Amino acid sequence: MNNARFWLFCQSLLCGRRQFARVQAGTSEPIHIMPTATSGVHVADRVAAFSRYGRVWNEAKSYRTASLLCMVIVAATALAQSNGQSPQTLTTTLLRLNEQYQSAPAATKSQLLLQMEAIAAQRQQLLLQLMKSDPGQVLRYAVPGNVRADFPTQVEGTIEAAQQATGILQVLMEDRNDGARLHYGLKTASERLSLHFARTAPTNLLTGSRVRVQGVRVGNSLALDCCNSTTTTSSVQILSTALPNTFRGQHTLVLLVNFLNNTSQPYTPTFAYNETFSKNSQFYEEMSYGQTWFMGNVAGWYKLPINSTCNLSTIASYANQAANKAGFSLSNYQRLVYAFPSIGCGWWGTSYIGGTQAFVSGSYRLAVLSHELGHLLGLYHSHALNCQPKVDTGTCSSIEYGDTLDMMGNPRDFEGGHFNAFQKERLGWLNYGSSPPILTVQSNGSYTIGPYEAQNGIAKALKIFRSKNSSTGQITWYYVEYRKAMGFDSFLSNYSEITNGVVLHLGTSSTPNSSDLLDLRPSTTSWMDVALDAGQSFKDPNTGTIIKVSAVTSSGATVQVTLGSGGN
């Protein structure tokens with residue numbers, strides 16, 4: 001809210017002593033701006049302002065003091081804005097005011113205290129904004145604990161504090177048309193804290209992991225230094241890891257809900273049942289080679305006693321109550337899918353990675369549902385690595401949903417697309433127990449892999465050493481697959497550029513968010529001609545390893561591998 005708007009807000013608050021007296025007596029209705037056309041103060045601004053300054057307002061001892069408070073707040077706002085709301089400036093100002101306060105005579109302490117409270121409130125709001133955009137600045141300008149303790153009690157509570165907390169990690173993926181967003185939270189015994197990482201967040205962890213975090217707290221948010229993508233520091237300590245169940249029947253309840261202000265039912269419960277427990281279940285059973293499927297029920301439609309909201313916990317709470325009242329026992333289900341009409345939250349699906357809850361807004365179909373359920377099983381997105389005009393070196397960028405062959409990428413919105421070999425290996429559907437094998441290449445030779453989609457025990461992929469991280473010891477591998485237009489990959493019948501050769505992905509061990517499709521034909525802009533065709537070869541520019549497609553038949557692809565100096 002700009003300075004002029006807040007000044008108008010202050011004027012409206014101070015327009016009568018009666019309102020002030022009602023606030024002091026604790027009987028006031030919510031304070032509101034006078035309905036004048038010239039005020040220009042939006043309802044959201046009024047709510048935000050009163051929420052921000054309500055405590056110091058209500059603690060004001062007189063109408064005159066309240067008036068002074070508003071003027072101080074306006075001055076503080078002007079100061080913050082004139083300096084670009086710099087955390088450094090606000091921190092320096094706050095420290096200087098406290099130094100003056102400590103040595104000031106009693107007669108001037110009250111005015112200095114009001115100024116400090118106003119500056120502290122401005123600074124807290126700025127830090128909360130930075131928590132989302134640049135948590136490193138929150139850490140950089142955090143007031144040390146011994147300095148914080150020197151502030152008056154009325155101000156100390158508004159200043160950030162170092163905090164250690166232990167609880168269950170929550171990793172939430174928002175799937176949006178404008179890109180994906182990851183949100184981290186910590187559910188402790190008494191509250192939920194949002195976590196914001198100054199460096200790369202630890203994508204080796206899943207929802208349900210028990211962790212201890214150490215950071216700087218502002219409101220209900222924690223800024224943490226943390227990690228590269230695969231290791232943790234003293235900011236995050238892993239106490240126990242989550243191991244999601246990725247085999248056999250996944251007992252799932254789909255809850256169809258709408259709202260007081262949006263009672264539409266864009267599809268029937270029967271349609272939702274068929275999409276989930278027929279089409280989607282068949283898709284997963286095929287992808288897992290008969291090892292995983294979905295089973296369960298559809299509940300609803302239920303009209304929730306609230307207007308539409310983007311608050312997931314609120315939706316889940318009311319939906320669970322409705323299902324329980326209708327006789328469903330939620331403890332019988334491993335997965336809960338909440339589906340509702342499109343409500344303008346900016347995302348079409350959002351899920352806890354490795355967790356139990358997924359949310360679908362608007363269209364309910366395989367391309368959306370199976371993607372969200374993949375997150376619940378513990379998968380991040382399947383990316384593409386764009387290094388044009390090269391394959392996997394030089395200046396590269398990651399395309400979030402870029403894997404055109406994989407439902408965890410799938411920017412073309414195909415109603416199909418098997419998870420790639422790196423993702424299936426993570427789920428245990430390849431190279432684990434009785435699952436079909438992946439051949440790990442350890443010597444020069446000719447290797448044959450069968451069609452990736454075929455429901456048999458023939459090797460489905462090759463795994464070839466690419467590089468090893470000297471700091472973490474983790475290995476990045478090439479995964480080689482032979483895709484055919486079979487089953488839920490039938491959409492490939494229109495893309496002989498894929499089915500006439502093999503496709504390559506990259507994946508790094510113990511790094512779930514490292515799946516990348518490679519473009520073996522970077523001279524074009526298409527991502528549907530990325531295969532290495534029969535007779536063609538690819539040479540890794542760093543190790544010298546050569547991958548050559550010798551032959552492609554209906555029963556498999558033969559690949560010649562010559563390991564270079566960096567071969568494992």
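The following questions and answers concern two residues and one helix pair in a predicted model.

In this predicted model, local features need pLDDT of at least 70 and side-chain atom pairs count only at pLDDT 80 or more, while totals for chains, interfaces and linings use all residues. Residues are numbered from 1 along each chain as its sequence is written, and side-chain values use heavy atoms, with hydrogens and water left out.

Me: Is Pro451 buried or exposed?
Reply: Pro451 is found in the loop between strand 15 (445-449) and strand 16 (461-468), where strands are DSSP runs (E) of at least two residues, numbered from the N terminus. Buried means under 20% relative accessible area, exposed over 50% and partly exposed in between, with a 1.4 Å probe and protein chains only. Because its relative accessible area is 9%, Pro451 is buried.

Me: How far apart are the C-alpha atoms of Pro451 and Met486?
Reply: Met486 is among the residues that Pro451 touches when those up to four places away in sequence are not counted, contact meaning heavy atoms within 4.5 Å. The two residues are 35 residues apart along the chain, and their C-alpha atoms are separated by 8.7 Å.

Me: Is Arg466 buried or exposed?
Reply: Arg466 lies in strand 16, and its contacts, not counting residues up to four places away in sequence, include Asp392, Trp477 and Asp540. With a relative accessibility of 16%, Arg466 counts as buried.

Me: At what angle do helix 5 and helix 6 pack?
Reply: Helix 5 spans residues 87-103 and helix 6 residues 106-133, with their axes 9 Å apart; helices are DSSP runs (H or I) of at least four residues. Axes are lines fitted to C-alpha atoms over the stretch in contact, and angles run from 0 to 180 degrees between N-to-C directions. The packing angle is about 155 degrees.
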